[in-house]
Structures are given as C-alpha cells and as structure tokens.
Amino acid sequence: MFAYLKASPTTYLLHYSGGRLKRQGPGLSFFYYRPSSVLIAVPLASTDLPFAFSEITADFQQVTVQGRLVYRIADPARASSLLDFSITPSGAHRSDDPSKLGDRLVQAAQTLARDVLERIALREALGAADRLGSVMLAGLRESETVRAVGVEILDLAVASIRPTPEMARALEAEAREALQRESDLAIYTRRNAAVEQERMIKENELNTEIAVQEKQRRIRETKMAADVAIEQQRAVLIERRSANERQDADAKAYALNATLEPLKQADWRTLMAVSAGGGDPRVMLALAFRELAENAGKIGQLNVTPELLGSLLSPERK
C-alpha cells in the first residue's frame with residue numbers, strides 16, 4: 001500500500017517510518033508506505049491573523065481592540081514537536097492544533113495589551129492604537145512562549161480601540177457639547193472683538209472731535225488775542241490822538257490868549273470903533289444912544305426928530 005506525496009515549496013514535510021525520521025524538508029515529493037508512515041506538514045508561508053478582544057482600562061471602562069497579526073513558522077521541527085501537524089493521506093491535518101497556534105499568539109498579544117490598557121484611562125486609550133501596537137509587537141518578538149513554538153512575528157498593527165456603544169454615545173455627546181462650547185466661545189470672542197473694535201472706533205471719533213474742538217478753541221483764542229491786541233493798539237492810538245488834540249487845543253488857546261491879552265485892558269467902545277463894523281453910521285448912532293442912556297442924568301432935554309428915527313430904522317442904502 002504505497003502512495004505518492006508531493007508538497008508545495010511553502011510546506012515543510014517530515015516523514016516518519018517505524019517511529020524514525022526518514023526525510024524532512026520543504027517541497028518534498030516521494031513514495032511512502034502508508035501502514036508504517038506518519039506524515040507531518042508544517043506550513044512555512046506567512047499567515048495573516050485578525051484579532052479582536054475586549055479589555056478594561058484604568059477607569060474601569062471596557063474597550064475592544066481590533067488589529068492584525070502576521071507570523072510564520074520559522075522552526076518547523078520545534079513547532080511539530082509541540083503541536084500536532086500530522087496529516088491524513090488526503091492532506092488534511094488530523095487535529096486542530098494548527099488553528100490553536102493562532103489562538104495562542106492572540107492570547108499572548110492580549111496579555112501584552114492588558115498590561116498597557118490597565119494603566120491608562122479611557123480617553124487616553126482611545127488614542128493609543130499606535131503605541132499599543134508597538135508594545136504588543138515588541139513583546140511578542142521577545143516572548144518565550146512564541147519562541148518555544150518556533151514562530152517568528154513579522155508584523156502587528158492595532159486598527160482601532162473602541163469603547164462600548166453606550167460610552168461611545170456619551171463621549172460623542174460630550175464632544176458635541178465641547179464643540180458647541182467652543183463654537184459659543186468663538187462667537188462670543190468674535191462679538192467681543194467687534195464690540196472692542198466699535199469701542200476703539202468711537203474712542204477714535206471722540207478723540208478726533210476733541211482734537212477738532214481743541215483746535216477750534218485755539219483758533220478762537222488766537223482771534224481773541226488778535227482782537228485784544230488790535231483793541232489795545234486802538235486804545236493807544238485814541239489816547240495818542242486825544243493827547244495830540246489836547247496839545248493842539250492848548251496851543252490854539254495859548255495863541256488866542258496871547259492875541260487877546262493886549263485887548264483885555266482896552267475899552268470896548270474903542271474896540272467897537274476899530275472893528276470891521278465900526279464905520280457904520282447906524283452902529284455909531286446906536287453907540288451914541290447907549291451913551292445918552294448911561295448919562296441921562298447929565299442931559300437936560302434931547303429932541304429926536306422923525307427923520308432921524310427913519311434914517312436909523314431904514315435899511316442900509318448902498
């Protein structure tokens with residue numbers, strides 16, 4: 001009962017016959033005797049293993065960690081000595097140990113994740129995916145459990161860390177409230193800035209008006225000072241003019257007094273006689289009558305004829 005087996009290059013075969021290892025290696029093809037042979041097939045290709053598990057944070061909040069683990073079996077002999085990779089003549093594994101290898105790796109990764117998450121709070125954990133992935137990758141590569149089964153860890157990435165739906169809704173509500181507060185604060189800041197700008201504009205307008213009023217006041221004061229100076233000059237001018245007029249009047253009075261001084265001692269009749277109208281007969285007759293009146297006691301009788309009166313009262317003949 002002989003059979004033929006041909007393996008792919010990514011499958012490491014171990015052929016035991018009678019309890020002894022006869023051949024081993026990747027991609028072997030050979031005939032074997034079924035009743036006395038045991039075939040072990042260890043996959044060498046890299047395996048992508050998605051994982052998802054739940055853990056508790058430092059503030060007792062549950063989170064779900066999702067990611068992907070990439071590994072390969074680097075030591076097939078060691079792996080086959082710890083796990084059952086034997087196959088049937090049809091090529092199927094006889095046990096579920098090959099699938100348990102992935103579970104062991106996920107459990108080791110979960111233990112590493114627990115050590116990190118139990119020391120940080122929920123808010124910090126939700127943003128620590130990259131940090132957690134780095135810690136888990138380094139921990140798995142240094143893990144004795146992983147080395148014992150001959151596995152090499154190629155890559156590990158944490159895709160997301162999610163809270164429970166109830167907590168997610170609470171965080172969303174809180175985030176919305178925070179955003180609303182920020183929006184209100186922005187509106188308040190904008191309005192406050194507008195009010196402050198308006199105040200500055202009003203203040204500038206008031207300062208401008210004050211400056212204009214101050215300038216106008218200075219102009220008025222300058223005009224008033226000019227008017228005062230003009231009035232002062234005018235007062236000086238009037239005073240000087242009055243002084244000049246007084247001096248002129250004094251000069252005229254002095255001249256007149258000097259002119260009339262010789263005439264003060266002269267008789268008025270003499271002055272009348274030498275005046276411009278002294279040669280007028282009527283004036284002379286008037287003076288004669290005045291003398292007669294003054295000396296009436298000395299004159300006995302005076303006859304005045306009508307012809308004499310007529311000549312005195314008649315207009316001057318030319």
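I began with Tyr 33, which I located in strand β4 (residues 29-33); strands (E, at least two residues) and helices (H or I, at least four) are DSSP runs, numbered from the N terminus. I noted that the model is predicted: local features need pLDDT of at least 70, side-chain atom pairs count only at pLDDT 80 or more, and totals for chains, interfaces and linings use all residues. I also noted that residues are numbered from 1 along each chain as its sequence is written, and that side-chain values use heavy atoms, with hydrogens and water left out.

**Entry: Tyr 33**

I looked up whether Tyr 33 is buried or partly exposed. Tyr 33 counts as partly exposed because its relative accessibility is 36% (buried means under 20% relative accessible area, exposed over 50%, partly exposed in between, with a 1.4 Å probe and protein chains only). I found that Tyr 33 belongs to a nonpolar surface patch with Met 1 and Phe 2, and that together they have about 390 Å² of accessible area. Patch residues have over 30% relative accessible area and no salt bridge; like charges are joined within 9 Å, and nonpolar side chains (Val, Leu, Ile, Met, Phe, Trp, Tyr) within 5 Å. A salt bridge is a side-chain nitrogen of Lys or Arg within 4 Å of a carboxyl oxygen of Asp or Glu. Accessible areas come from the Shrake-Rupley method with a 1.4 Å probe; for residues, only the protein chains shown count as cover.

**Entry: the sheet**

I traced an open sheet of 3 strands, in the order β6-β7-β8, with antiparallel pairing (two strands pair if DSSP finds at least two bridges between them). The edge strands, each pairing on one side only, are β6 (47-56) and β8 (151-163). From one strand to the next, the twist averages 20°. I recorded 11 bridges between β7 (residues 62-73) and β8. Opposite Tyr 71 I found Ile 153 of β8.

I then saw that helix α4 (residues 129-141) packs on the sheet and touches β6, β7 and β8; contact means heavy atoms within 4.5 Å. The direction of α4 makes about 155° with that of β8 (axes are lines fitted to C-alpha atoms, for helices over the stretch in contact, and angles run from 0 to 180 degrees between N-to-C directions).

**Entry: two buried residues**

I placed Ser 160 in strand β8. Ser 160 is buried, at 13% relative accessible area. Not counting residues up to four places away in sequence, Ser 160 touches Thr 64, Val 65 and Gln 66.

I placed Ala 113 in helix α2 (residues 97-117). Ala 113 counts as buried because its relative accessibility is 0%. Neighbours within four places in sequence aside, Ala 113 is in contact with Phe 53, Leu 132 and Met 136. The C-alpha atoms of Ala 113 and Glu 55 are separated by 8.1 Å, although the two are 58 residues apart along the chain.
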